Amino acid sequence: LAVSRTSVAGRYGLATALLETGAVDEAGTLFQSLLNQSPSPELLFMLGRTHLEQNKVESAGQLFASSFSQAPTDYALRNLANLYWMQGATDKFTALIDHAPAGLRHAAIRLVIESGDVDRAEAIWRAAYSDGAADKEAWLLRASIAREAQNAGDLALATDQALQQAPSDLI
């Protein structure tokens, strides 16, 4: 397999394929080269994945954090939060969730639900939607919180609210 040395897309594809097939060191070298040539949040993230595969957890975290700070996406938030959770760095996990951009509040609440802290998820949900601006996805999150808390009344209420936001889903 030959890839042009000037083709960023080709080299990125090759590095990704190398990572996915277990050639982690080669992938890391290629991602680092690409990052040196053309820095981007995605390359920071992919190099972070490579470092994680190499058990370089600290540098993976730094790369994920840099990627997230440059491009705060749902995917970047989820990966950084999961890394903090795996490390047992609950203070970093909590700070990340607490300071997540408003556009990522659904993802942040979902991460807290998945962490098992239902009371905290409930508190975050109530604070985020105290203005009454909960959309269908927000109500579905509220239903997830109620389900995890085994609160049938809240589950029914949240499900009803979600359906009111999108009545066509009943069809």
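In this predicted model, Glu-122 counts as buried, because its relative accessibility is 17% and the limit for a buried residue is under 20%. Glu-122 belongs to helix α8. Setting aside neighbours within four places in sequence, Glu-122 is in contact with Arg-142 and Ile-145. Both of these partners appear among the buried residues of helix α9.

Helix α9 covers residues 136-148, 13 residues in total. The distance from its first C-alpha to its last is 18 Å, close to the 18 Å expected at 1.5 Å a residue. The buried residues in α9 are Ala-138, Trp-139, Leu-141, Arg-142, Ala-143, Ser-144, Ile-145 and Ala-146. The elements that cover them include α7 (105-115), α8 (118-128) and α10 (152-165).

Part of the link between α8 and α9 is made by Trp-125. Beyond its neighbours within four places in sequence, Trp-125 is in contact with Ala-138, Trp-139, Leu-141, Arg-142 and Ile-145, and also with Ile-109 and Ala-134. Arg-142 and Ile-145 thus appear in the contacts of Trp-125 as well as in those of Glu-122. Trp-125 also has a place in the largest nonpolar core, which has 49 residues. Within this core, Phe-31, Leu-77 and Trp-125 touch the most other members. In soluble globular proteins, nonpolar side chains tend to be buried together.

Helix α8 also packs against α7, at an angle of about 160 degrees and with the two axes 8 Å apart. The two helices are therefore roughly antiparallel, as the angle is over 145 degrees. Their crossing is left-handed. On the α7 side the contact is made by Arg-105, Ile-109, Val-112 and Ile-113, and on the α8 side by Arg-120, Ala-121, Ile-124, Trp-125 and Ala-128. Trp-125 therefore takes part in the contact with α7 and also touches buried residues of α9, among them Trp-139 and Leu-141.

The loop between α8 and α9 contains Asp-135. With a relative accessible area of 32%, Asp-135 is partly exposed. Asp-135 touches His-106 and Gln-165, when residues up to four places away in sequence are not counted. The C-alpha atoms of Asp-135 and Gln-161 are 8.8 Å apart, although 26 residues separate the two along the chain.

A second helix pair is formed by α5 (residues 74-87) and α6 (residues 90-98), which pack at an angle of about 155 degrees with their axes 8 Å apart. At this angle, α5 and α6 are roughly antiparallel to each other. α5 passes α6 in a left-handed crossing. Leu-77, Leu-80, Ala-81, Tyr-84 and Trp-85 in α5 meet Thr-90, Lys-92, Phe-93 and Leu-96 in α6. Leu-77, listed here on the α5 side, is also one of the core residues that touch the most other members. An α-helix has 3.6 residues a turn, so residues three or four places apart point the same way.

Arg-78 also lies in α5. It is partly exposed, with a relative accessible area of 23%. Apart from neighbours within four places in sequence, Arg-78 is in contact with Arg-110, Leu-111 and Glu-114. Arg-78 and Ala-108 are 30 residues apart in sequence, and their C-alpha atoms are 7.9 Å apart in space.

Helix α3 (residues 41-53) has 13 residues and spans 18 Å between its first and last C-alpha atoms, close to the expected 18 Å. Its buried residues are Leu-43, Leu-44, Phe-45, Met-46, Leu-47, Gly-48, Thr-50 and His-51. These buried residues pack against α1 (8-20), α2 (24-37), α4 (57-70) and α5.

Two loop residues were examined for their backbone angles. Most residues other than glycine have a negative phi. Asn-55, just after α3, has a positive phi near 60 degrees and is not glycine. Asn-55 is found in the loop between α3 and α4 and counts as exposed, because its relative accessibility is 64%. Gln-150, which follows α9, likewise has a positive phi, of about 55 degrees, although it is not a glycine. Its place is in the loop between α9 and α10, where Gln-150 is exposed with a relative accessible area of 74%.

Note on methods: Residues are numbered from 1 along each chain as its sequence is written. This is a predicted model: local features need pLDDT of at least 70, side-chain atom pairs count only at pLDDT 80 or more; totals for chains, interfaces and linings use all residues. Side-chain values use heavy atoms; hydrogens and water are left out. A nonpolar core is a set of buried Ala, Val, Leu, Ile, Met, Phe, Trp, Tyr and Cys residues joined through side-chain atoms within 4.5 Å. Buried means under 20% relative accessible area, exposed over 50%, partly exposed in between (1.4 Å probe, protein chains only). Contact means heavy atoms within 4.5 Å. Helices (H or I, at least four residues) and strands (E, at least two) are DSSP runs, numbered from the N terminus. The expected span of a helix is 1.5 Å times one less than its number of residues. Axes are lines fitted to C-alpha atoms, for helices over the stretch in contact, and angles run from 0 to 180 degrees between N-to-C directions. Angles under 35 degrees count as roughly parallel, over 145 as roughly antiparallel, 65 to 115 as roughly perpendicular and the rest as oblique. A crossing is left-handed if the near helix is turned anticlockwise from the far one by less than a right angle, and right-handed if clockwise.
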